[in-house]
Amino acid sequence: MPAMSPIISVSGLSKTYASGFQALKTVDLEIRQGEIFALLGPNGAGKTTLISIICGLVNPSTGTVKADGHDIVTDYRAARAKIGLVPQELTTDAFETVRATVSFSRGLFGKRKDPDLVERVLKDLSLWDKRDTQIRRLSGGMKRRVMIAKALAHEPRILFLDEPTAGVDVELRQDMWQLVRRLRESGVTIILTTHYIEEAEEMADRVGVISKGEIILVEDKTELMRKLGRKQLTLSLQAPLAALPESLAGYDLILAAGGDEIVFTYDTKAERTGITALLQALGEAGIRFRDLNTSQSSLEDIFVSLVRGRS
Amino acid sequence: MTSVSDAPPAFNGRAIAAIYRFEMARTLRTPLQSVVSPVLSTSLYFVVFGAAIGSRMQEIDGIAYGAFIVPGLIMLTLLTQSIANASFAIYFPKFTGTIYELLSAPVAWWEVVLGYVGAAATKSVVLGLIILLTATFFVPLRIEHPFWMLLFLVLTAVTFSLFGVIIGIWADGFERLQVVPLLVVTPLAFLGGSFYSIDMLPPLWRTVALFNPVVYLISGFRWSFFGVADVGVGVSLGMTLAFLLVCIVATGWIFRTGYRLKN
């Protein structure tokens, strides 16, 4: 991948609300042009605060953000013109029609009227049939689509989706992911927040984990998946060991449970896992075991251990 | 990565137009509440004080009582409607959450305010003119200074729409939204000489009345109709502009600091 300047760069960003609650500690983050970035974290971790600052909804306490090279405070017009936001809450103007509200959004972002574009966006979101319906007459899922249409009305280069699938049915979720992929193909950078790990796994190019107002990990999803691919074999011993014999030094082993267990970590995707050799070596060392089990650490486990490790 | 065509406009006129149209559409959806109701309630004053009681009242400054109260009543409606329209317009998106879009859009605060104030003031001025027209059915009217009449009408509508924006941002509930219009503005308007000349007051109360900003609005507006005023028209104009300036500065401060909007 050629070195590109990041489309969003966040540096030294913090936010303390008037109540004294520190929603963001010091956040540094770079989003690459054209990627799908999943911001993963439990409720209250600071996901929405981070997005809200980048999009101009909340003033930061310290730090700077640049969107496509434009400072979000000093050069806010240029920065915001690039950004589309679909917030978490369903907030719509109940009495407006679908088409009117989407056209309004386009005007608000300073773009020339473009009925063809509005039509395309509405069709992409299966809203065209409802174009002249008042928003209050739509179902929750349809309202969510309207909010996405509003965010796309000014052809943003960066799209923020805050918890896009919270309370969304399966069909809409599938539609949404298709749309996200199409947008990415057209060069739009997408940042989504979620607390569903499968979602990050399915969609993202990179995953950032945020907890208690700090970004604690940013990694390529494939790298995370590689970690995911690691399994552990736990052997319960017949007699506890004081130490591992020298002959087993070549294996990735840990003596656990006070010497009652040996834990072997291996890569399922490697050509040889080493299990057979290990069992043979154990037999030769005279170590007998009464039970064995294998376990796979999920992204969830990695996530939980990361989050716990920080508390 | 930034190409020339990406350069954002230094002035987002389309956003102002979008907000203005949105607000006007909201009014047109509710004509009964927006237009008919204020016109009807003001017309009741003309019927009661102008046609019925007015005939038994003395003239004030040589003007029939029914006609005398018309400028004050128009001002009363102008003040309350401007505040109500603008404060609701800005409070409601805050209440429902749709304000996120305004805050995330490439618009300057003064562009947002221009859209809302423009729409609220337009409605008030149109209402004022409809009431004026209605008044002519009940009482004989003359307008000596039509230009000044319009100027006071527009200036007052703009000023109090701005005041409404401030109230709408400050309010954190529907009650607060109502408090200032009902408990402050309506009394000030009634005591500000809508129904009498402040020269009719005892000297002490006349002095007290001069601290009421609405006195200057009504006086100036009445002068544009009949050529007579409680205070000099220059003072009226000066006071109106001063209050406008205070509202502009306050609104600017609110948006720059993000008070009650971005924290």
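Reader: What distance does helix α9 of chain B reach from its first C-alpha to its last?

Author: This is a predicted model, in which local features need pLDDT of at least 70, side-chain atom pairs count only at pLDDT 80 or more, and totals for chains, interfaces and linings use all residues. Residues are numbered from 1 along each chain as its sequence is written, while chains are lettered from A and ligands numbered from 1 in the order in which they are written. Helix α9(B) (a helix is a DSSP run of H or I of at least four residues, a strand a run of E of at least two, both numbered from the N terminus) covers residues 213–226, 14 in number. Close to the expected 20 Å (1.5 Å times one less than the number of residues), its reach is 20 Å.

Reader: How many residues of α9(B) are buried, and which residue just after α9(B) takes a positive phi?

Author: α9(B) is mostly covered, with 13 of its 14 residues buried (20 or more other C-beta atoms, placed from the backbone, within 10 Å of their own). Just after the helix, a positive phi of about 80° is taken by B:Gly227.

Reader: What is the strand order of the open sheet in chain A?

Author: The sheet has six strands with mixed pairing (two strands pair if DSSP finds at least two bridges between them). β6 (83–86) and β10 (214–220) of chain A each have a single partner strand, so one side of each is left without a neighbour in the sheet. Neighbouring strands are turned by 15° against each other on average, direction ignored. The order in chain A is β6-β7-β8-β3-β9-β10.

Reader: Which residue of β9(A) is the bridge partner of A:Ala38?

Author: Strands β3 (residues 36–40) and β9 (residues 206–211) of chain A run parallel and are joined by four bridges. In β9(A), the partner of A:Ala38 is A:Val207.

Reader: Which elements of chain B are included in what covers the buried residues of α3(A)?

Author: Helix α3 (residues 98–108) of chain A has nine of its eleven residues buried, including A:Phe104 and A:Leu108. Its cover includes α4 (115–124) and α5 of chain A. From chain B, the cover includes α1 and α4.

Reader: Which element gives the most to the side of chain B that touches chain A?

Author: The contact (C-beta atoms, placed from the backbone, within 7 Å) takes 24 residues from chain B and 31 from chain A. On the chain B side, two or more residues come from each of α1 (13–29) and α4 (99–104) of chain B. With six residues, the element giving the most is α1(B).

Notes: Axes are lines fitted to C-alpha atoms, for helices over the stretch in contact, and angles run from 0 to 180 degrees between N-to-C directions. Two residues are in contact if their C-beta atoms, placed from the backbone, lie within 7 Å. A residue is buried if 20 or more other C-beta atoms lie within 10 Å of its own, exposed if 12 or fewer, and partly exposed in between; C-beta atoms are placed from the backbone.
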